Amino acid sequence: MAILKLFDICKDYQQGKEPVRVLKNVNLTVEEGEYLAIMGPSGSGKTTLMNIIGCLDVPTSGSYELDGRDLKDLSDDELADIRNQKLGFVFQNFHLLPKMTALDNVALPLLYGGVGQKERRERAAEALKSVGLEERMDFLPNQLSGGQCQRVAIARAMVGKPKLLLADEPTGALDTKAGNQIMEIFRALSNEGMTILMITHEPAIAACADKIYHILDGELRTGETVGGKSHEA
Ligand SMILES: Nc1ncnc2c1ncn2[C@@H]1O[C@H](COP(=O)(O)OP(=O)(O)OP(=O)(O)O)[C@@H](O)[C@H]1O
Ligand SMILES: [Mg+2]
């Protein structure tokens, strides 16, 4: 089943007097369990596309289905609920709250989701354990390395059991070793059936996914299959 379907998505931004089209008729279907990478040069529209997929922005035209539901005309509150229930986000710069411990950062989406305190702590601890941080739960972000912060962010993204994990340059702020650890976690999540959509401009990182799409000047090109999986026509 498809988790995500984009039909002819266009996005225009006003730049000076003229609207400039930064996404041009993007069509994309992501099946449950797929692990995709989208590559493209700076300014090609990657973050714009990710923001639309992540319900943080709306397209100028085209339509978008997430988990079988058309997202047209939903209110901001409805979109926020969909983000909370169906999507997990990982960003280049982690976006952790600096005054909260790793555990409290991970538990936060569950608080917004109305989960009680005991269950929040248990599930957050479980999520941190799954990324190898059971001994760092009470650390603040500034007491953790970049790679550890990103693992906290992954635990936070996964704690609500999302349908789709969205990652925008998840290794962009990390050295090669820490970046590879993040890719090992993504691979393990994928092997467990998680659907992952990752943006990167590093070919070695994109090659960790099962399929690579390229975006150039707002146009998305059909994916190439990598990682030894069979090629598509
Ligand atoms: N709010 C905005 N207003 C006007 N133009 C914008 C806005 N946001 C993005 N753009 C333009 O849209 C284009 C795509 O931007 P986007 O941030 O999606 O690129 P990107 O592929 O993520 O680049 P990078 O790799 O540098 O992060 C760029 O030309 C950018 O200038
Ligand atoms: Mg970007």
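**Figure 1. D8 in strand 1 and its contact partner N25 in strand 2.** In this predicted model, D8 is partly exposed, with a relative accessible area of 38%, and the residue belongs to strand 1. The backbone of D8 has a phi near 50°, a positive value in a residue other than glycine. N25, which is placed in strand 2 (residues 18–31), is in contact with D8, I9 and C10 once its neighbours within four places in sequence are left aside. Like D8, N25 falls in the partly exposed class, at a relative accessible area of 44%. The view also takes in I215, which is 190 residues from N25 in sequence, while the C-alpha atoms of N25 and I215 are 12 Å apart in space.

**Figure 2. D67 in the loop between strand 4 and strand 5.** The loop that holds D67 runs between strand 4 (61–66) and strand 5 (69–70). The phi of D67 is near 50°, again a positive value in a residue other than glycine. With a relative accessibility of 18%, D67 counts as buried, because the class is set at under 20%.

**Figure 3. The surroundings of ligand 1.** The residues around ligand 1 are Y13, Q15, V22, P41, S42, G43, S44, G45, K46, T47 and T48. Three side chains are shown with their polar contacts to oxygen atoms of the ligand: a polar side-chain atom of S42 lies 2.6 Å from an oxygen atom of ligand 1, an N or O atom in the side chain of T47 is 2.9 Å from an oxygen atom of ligand 1, and for the side chain of T48 the corresponding distance is 2.6 Å. Ligand 1 taken alone exposes 630 Å², of which the protein buries 59%. Strand 1 (2–15) and helix 1 (46–53) are the elements that give two or more residues to the shell around the ligand, and helix 1 gives the most, with 3 residues.

**Figure 4. Helix 6, its buried side and its ends.** Helix 6 comprises 16 residues (176–191), which at 1.5 Å a residue should span 22 Å, and the C-alpha atoms at its ends are 22 Å apart, in agreement with that expectation. The buried residues of helix 6 are A178, G179, I182, M183, I185, F186, L189 and S190. These residues cover an arc of only 155° around the axis and therefore lie on the same side of helix 6. An α-helix has 3.6 residues a turn, so residues three or four places apart point the same way. On the other side of helix 6, T176, K177, E184 and N191 are exposed. The buried residues pack against strand 3 (35–39), helix 5 (146–158), strand 7 (164–168), strand 8 (195–199) and helix 7 (203–206). At the start of helix 6, a side-chain oxygen of D175 comes to within 3.2 Å of the backbone nitrogen of K177, whereas just after the helix G193 adopts a positive phi of about 110°.

**Figure 5. The buried side chain of N105 in helix 3.** N105 is located in helix 3 (residues 102–112) and is buried, with a relative accessible area of 1%. A polar atom of the N105 side chain lies 3.0 Å from the backbone oxygen of M100. Not counting residues up to four places away in sequence, N105 touches L96, L97, M100, P141, V152 and R156, so that M100 appears in this view both as a contact residue and as the residue whose backbone oxygen faces the polar side-chain atom at 3.0 Å.

Notes
Residues numbered from 1 in each chain as written. Chains lettered and ligands numbered in written order. Predicted model: local features only at pLDDT ≥ 70, side-chain atom pairs only at ≥ 80, totals over all residues. Heavy atoms only, no water. Helix = DSSP H or I, 4+ residues; strand = E, 2+ residues; numbered from the N terminus. Expected span 1.5 Å × (residues − 1). Buried < 20%, exposed > 50% of the residue type's maximum accessible area, 1.4 Å probe, protein only. Arc of directions from axis to C-beta. Contact = heavy atoms within 4.5 Å. Polar contact = N/O pair within 3.5 Å; in protein donor to acceptor, adjacent residues only side chain to side chain. Near = heavy atom within 4 Å. Areas by Shrake-Rupley, 256 points an atom, 1.4 Å probe, with all protein chains shown as cover.
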